[in-house]
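Trainee: I am new to this structure and would like a close look at a single part of it. Could you take me through the second largest pocket and what lines it?

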Amino acid sequence: MNNKWFFIINPTSGSGKAKKDWTHITEILYQHKIEFDFDFSEYAGHAVVLATNAIENGFRKICAVGGDGTMHQLANAVLKQNKVASTEILLAIIPVGTGNDWARIHHLPFQYEEAVVNLKREKQKLSDVIEVKQGDAINYSIIIAGCGFDAHVSAKAHQQKQKGRGGKLVYLLELAKGVFSYRSMQVEWQTSKSRGKEKTFSIAVGNLHSNGGGMMQCPEANPNDGVLDITIIKHLTIPQVFANVPRLFNGTILKSKHVIGMKMESISLTGENCLLELDGENCGSLPATFTAKQNAIKVLVGSD
């Protein structure tokens, strides 16, 4: 077993900030006498390959230098490999992404010096994840899985990122454009306790309470309770969308008359041509079954 940290840097995170700042970060790591190896991801999904290889080579501490999408890939690598138990590997992040919801919720520092000191401290806890089954394929979400409007905006933002136009401003622009271009879709859901069919604007299946840089779609979500928080937003007119935006940021979205909130261990969703995103990463479309997996990964946390 290798006691070094293995860093995976996403050079496109933060509109290139991760790549630009890596030299400075390494200087701080050397100053604090942290032993490490590293590599840069070069294409979509490459971080999964790099993390899997690192585990095969004996690394048990892996840190992303990037955003929520990079952390999503590392978690999927850990959960899909069969070399060791997933909880034997410590996952961390130095946040330089667009949304950084994972880092914010886990009280991780954004200043590099503080982030490295926190890394050295190795304060950790176990976290739930969301298992997502689509036919024979299994993927995992660590923050929020979004269907409908979320996934529509995520897909549009990804297209812009592929053209070299990333960052929070681009995401917000696609968010605003999506309000006028997106059309609600018919989605059917089934749980162990209920089933229903609704024309929906979006559905969020949450492990953590927020995504997209602080939008609290699942305000009561707890990554250690073994259940999913599900927020179904019914069809909204454009004025109703804008009227409910403040609720997403102040944590009162569940009080809206247009919203159905549930807590379940599992839920199945079916909807024709309804896109799906996991932690901001595109993941095809429905149907899919979402299941809470308790204490599935070990993660670095900051001071409360």
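Mentor: What follows is a description of that pocket and its lining. This is a predicted model, in which local features need pLDDT of at least 70, side-chain atom pairs count only at pLDDT 80 or more, and totals for chains, interfaces and linings use all residues. Residues are numbered from 1 along each chain as its sequence is written, and side-chain values use heavy atoms, with hydrogens and water left out.

A pocket here is an open set of points, on a 1 Å grid over the protein atoms alone, where a 1.4 Å probe fits and protein lies on both sides within 12 Å along at least five of seven lines, and lining residues have an atom within 4 Å of a point. The second largest pocket holds about 320 Å³ of space, a volume being the space filled by probe spheres set on the points. Its lining has 20 residues, and those closest to the centre are Phe149, Leu175, Val241, Val245 and Leu248.

Two or more lining residues come from each of helix 6 (149–162), helix 7 (168–181), strand 9 (195–206) and helix 8 (238–250), where helices (H or I, at least four residues) and strands (E, at least two) are DSSP runs numbered from the N terminus. Helix 8 gives the most to this lining, with 6 residues.

In character, the lining of the second largest pocket divides into 16 nonpolar, 3 polar and 1 charged residues, with Ala, Val, Leu, Ile, Met, Phe, Trp, Tyr, Cys and Pro counted as nonpolar, Asp, Glu, Lys and Arg as charged, and the others, Gly among them, as polar. For contrast in kind, the model also has 1 cavity of 30 Å³ or more, a cavity being a set of points where the probe fits but cannot get out.
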